[in-house]
Amino acid sequence: MTYLLLFYEFFKTGLFAVGGGLATLPFIYDMSARYPEWLSVNDISNMIAVSESTPGPMGVNMATYTGYTVGGALGSVIATVGLVLPSLVIIVIIAKFLQKFQENKLVKHAFYGLRPAVAGLIAAAALQVMKVAVLTLDKFSETHNILNLADPKALLICIATLILLYLKPLKKIHPIVYILCGAVIGVLIY
Amino acid sequence: MRKLLEMFITFAKVGVMTFGGGYAMLPILEREVVSNKKWATSEELLNYFAVGQCTPGIIAVNTATFIGYKNKGVPGAVAATAGVIFPSLIIIMLIAAFLQNFAEIEFVQHAFAGVRAVVAALIIQAVVKFFKSGVKDVTGFVIFILAFVLAGLLGISSVYVVIGALIVGLIAGRLGRCKE
């Protein structure tokens, strides 16, 4: 019965959370209010921290974690499948439609407007990541000292990575190599 | 069957290498799916991201489903989706079982301070790439700036930005301003 409920709750989240991982948060908070024995608000804060420091989409991490605390490994799988199932079905239907109407003028026009917007959204996401990873805006607004605008160590890592990314002979290096180097350097210098 | 397995493994790789949610996945996805496997072009990837933004579910999962379906139909969609969630499923289960205070370990915090700075650089590079493939004219540039300001500076939900851009695209098309 618990498993069925778990599936239903995450299916609902997957069906109504539009706009990516963070959009699942309000649903998870709502869930913890209705099922306090499943997870507490404190658990959610922990999950956010864990999600940010492990690979994978945040929504999936949340579902897996809650599923595990409620019903072990099987609970994990059930919650995650529940979360993913609605979008799987919806996207397959849209993909089918898109394939059929790819050459349709209206679809082309729609994507003509969407592509630059998504590029803009990615730029906005880059700003968010910079705020968390490199910039120290709190410190800056307190002191108004331009030197407090960014964490010097993080800024150095970020700029060094950018330079390496744009060096021609290094183009073949996989991004994961830089990520691993970042982890090692982080442990060494902080 | 082999292609399905290949798809599962490739997306599992993408899942393992994505730190920090949907957008952080873009640089890795670009490398694995566009450059290496050629399962989609970078323009198509932008299309999928746009649709993934305004449909329910996690963007990373939606994008995987799209690419899987495009190449191998429904089984491909399932294989790609299963692949992208598989690593987190295992990793989070292990953390939930053994490491309750994982995120508070000092070593982990330091490592991730470094990882985040690198991910910031990778996403900046992705912005440049997708700007090049997504912005083709002045109208596109205006949409790009508007989307950035609305979502990045004013905190408007990306769902509305996407819907707005769709309408602008249709109107621009009507006025004959689309470059094919």
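**Exercise 1. Where two helices meet**

Task: In this predicted model, find which residues of helix 5 of chain A meet which residues of helix 5 of chain B. Then work out how the two helices are arranged.

Solution.

Step 1. Start with the chain A side. The residues of helix 5 there are A:R115, A:P116, A:A119, A:I122, A:A123, A:A126, A:V129, A:M130, A:V132 and A:A133.

Step 2. Now look across at chain B. The partners in helix 5 of chain B are B:R116, B:A117, B:V119, B:A120, B:I123, B:I124, B:V127, B:F130, B:F131 and B:G134.

Step 3. Sort these residues by class. The contact of helix 5 of chain A with helix 5 of chain B has 17 nonpolar, one polar and two charged residues.

Step 4. Check the geometry. Helix 5 of chain A covers residues 105-133, and helix 5 of chain B covers residues 106-134. Their axes are 9 Å apart, and the packing angle is about 165 degrees. Angles over 145 degrees count as roughly antiparallel, so helix 5 of chain A is roughly antiparallel to helix 5 of chain B.

Step 5. Add the handedness. The crossing of helix 5 of chain A with helix 5 of chain B is left-handed.

**Exercise 2. A network of charges**

Task: Which salt bridges does A:E9 make with A:K12 and A:R34, and which residues join into one network?

Solution.

Step 1. Begin with the pair A:E9 and A:K12. Their side chains form a salt bridge with an N to O distance of 3.8 Å. Both belong to helix 1 (residues 2-16) of chain A, and because they are three residues apart, about one helical turn separates them.

Step 2. Ask how accessible each partner is. A:E9 has 2% relative accessibility, so A:E9 counts as buried. A:K12 has a relative accessible area of 26% and is therefore partly exposed.

Step 3. Turn to the other partner of A:E9. A:R34 makes a salt bridge with A:E9, with 3.0 Å between the closest N and O atoms. This pair links distant parts of the chain: A:R34 sits in helix 2 (residues 25-34) of chain A and A:E9 in helix 1, 25 residues apart. A:R34 is partly exposed, at 38% relative accessibility.

Step 4. Compare with a pair in chain B. B:K136 and B:E43 form a salt bridge whose closest N and O atoms are 3.7 Å apart. B:K136 is in the loop between helix 5 and helix 6 (138-153) of chain B, while B:E43 is in helix 3 (residues 42-54), 93 residues away. B:E43 has a relative accessible area of 30%, so B:E43 is partly exposed.

Step 5. Put the network together. Salt bridges with shared partners join A:E9, A:K12, A:D30 and A:R34 into one network. Over all chains, the structure holds eight salt bridges.

**Exercise 3. Two residues with positive phi**

Task: Where are A:H144 and B:K38 found, and are they buried or exposed?

Solution.

Step 1. Recall the background. Most residues other than glycine have a negative phi.

Step 2. Look at A:H144. Its phi is near 55 degrees, a positive value. A:H144 is in the loop between helix 6 (137-143) and helix 7 (152-165) of chain A. With 63% relative accessibility, A:H144 is exposed.

Step 3. Look at B:K38. The phi of B:K38 is also positive, near 55 degrees. B:K38 lies in the loop between helix 2 (22-36) and helix 3 of chain B. B:K38 is exposed, with a relative accessible area of 63%.

**Exercise 4. Chain B as a whole**

Task: How many helices and strands does chain B have, and what are the spans of its C-alpha trace along the principal axes?

Solution.

Step 1. Count the elements. Chain B contains seven helices and zero strands, which run α-α-α-α-α-α-α from the N terminus on.

Step 2. Read the spans. Along its principal axes, the C-alpha trace of chain B covers about 60 × 40 × 25 Å.

Step 3. Consider burial. Chain B has 180 residues, and 58% of them count as buried.

Step 4. Consider contacts. Among the contacts in chain B with a separation of 6 or more, 54% are between residues 24 or more positions apart.

**Exercise 5. The surroundings of A:I157**

Task: Which residues is A:I157 in contact with, leaving aside neighbours within four places in sequence?

Solution.

Step 1. Locate the residue. A:I157 is part of helix 7 of chain A, and A:I157 is buried, at a relative accessible area of 8%.

Step 2. List the contacts. Within chain A they are A:I185 and A:I189; in chain B they are B:G114, B:A117 and B:V118.

Terms used:
Residues are numbered from 1 along each chain as its sequence is written. Chains are lettered from A and ligands numbered from 1 in the order in which they are written. This is a predicted model: local features need pLDDT of at least 70, side-chain atom pairs count only at pLDDT 80 or more; totals for chains, interfaces and linings use all residues. Side-chain values use heavy atoms; hydrogens and water are left out. Axes are lines fitted to C-alpha atoms, for helices over the stretch in contact, and angles run from 0 to 180 degrees between N-to-C directions. Helices (H or I, at least four residues) and strands (E, at least two) are DSSP runs, numbered from the N terminus. Angles under 35 degrees count as roughly parallel, over 145 as roughly antiparallel, 65 to 115 as roughly perpendicular and the rest as oblique. A crossing is left-handed if the near helix is turned anticlockwise from the far one by less than a right angle, and right-handed if clockwise. Contact means heavy atoms within 4.5 Å. Ala, Val, Leu, Ile, Met, Phe, Trp, Tyr, Cys and Pro count as nonpolar, Asp, Glu, Lys and Arg as charged, and the others, Gly among them, as polar. A salt bridge is a side-chain nitrogen of Lys or Arg within 4 Å of a carboxyl oxygen of Asp or Glu. Buried means under 20% relative accessible area, exposed over 50%, partly exposed in between (1.4 Å probe, protein chains only).
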